[in-house]
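Reader: I'd like a close look at a single part of this protein. Could you pick one strand and walk me through its surroundings?

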Amino acid sequence: MSKDTPEELESDREIERLIDEVMSSSINNDSKLNDEQYRQKMQRRKEIQDRRIAQAVPEKGLVIVNTGNGKGKTTAALGMVMRSLGHGYKVAIIQFIKGAWEPSEKQVFSHWEDQLEFHAMGEGFTWETQDRDRDLEKAQAAWEKSLEYIRNPDFQLVLLDEINIALKMAYLQIEEVLTGLAEKPPHKHIILTGRGAPAALIERADLVTEMTLIKHPFRDQGVKAQPGIEF
């Protein structure tokens, strides 16, 4: 995975400094900027941002990881699915764990049957199945199905939902997943969701977001999962 160059790091630091100065001036009358000072700082920030955009690579297929203990990993991924469908791209979703559910998202996405392939390959969470051998079998079958879409150049986006759980439970090996990701066409985006993403996957990924749990209605108030929020 490429690292930021010294020039990029310096640009980031300058942008952060400009933002800090503007924010500080908004809450501290002693350092309040006049209109011209504010304009100059925003102009400088725009110059830096425009230069970086001009130097950016126009297009690259991304490996995207949504992980962490907080809510929203799959939800964020489905937002990308919606965007891709809106652009007319073909998308595949493979669910590794939540296969026993019939989520409302599946019903919504049925309107894009000509663009979307949806495979619920698991049978629920591990504490529900209580059969490790069957969980291993289902996870491997889901991975084999995933490879079909990873290799298929017709699909712009592939979502591997809760695959990180399968990796964490050792239903899949990280080496085989990394090998499979290396087979994707250059333009293809792949999203891998689930808590506990292994370090090797995070290192390989181009975009990693960690959802942090601060408050949750079930943990803190005993509120059950609700339609429209959790499913």
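Author: Sure, with the overall picture up front: 36% of the protein's 231 residues count as buried, where buried means under 20% relative accessible area with a 1.4 Å probe, protein chains only. This is a predicted model, in which local features need pLDDT of at least 70 and side-chain atom pairs count only at pLDDT 80 or more, while totals for chains, interfaces and linings use all residues. Residues are numbered from 1 along each chain as its sequence is written, and side-chain values use heavy atoms, leaving out hydrogens and water.

The protein has 10 helices and six strands; these are DSSP runs numbered from the N terminus, with helices (H or I) of at least four residues and strands (E) of at least two. Let's zoom in on β5, residues 189–193. Five of its five residues are buried, so β5 is largely enclosed by the rest of the structure.

Now for the side chains. In a regular strand they alternate between the two faces of the sheet. Here H189, I191 and T193 point one way from β5, and I190 and L192 point the other way.

As for neighbours, two strands pair if DSSP finds at least two bridges between them. Strand β1 (residues 63–67) runs parallel to β5, joined by four bridges, and N66 sits opposite T193 of β5. Strand β4 (residues 155–161) is also parallel to β5, again with four bridges; there, L157 has H189 as its bridge partner in β5.

Key: Buried < 20%, exposed > 50% of the residue type's maximum accessible area, 1.4 Å probe, protein only.
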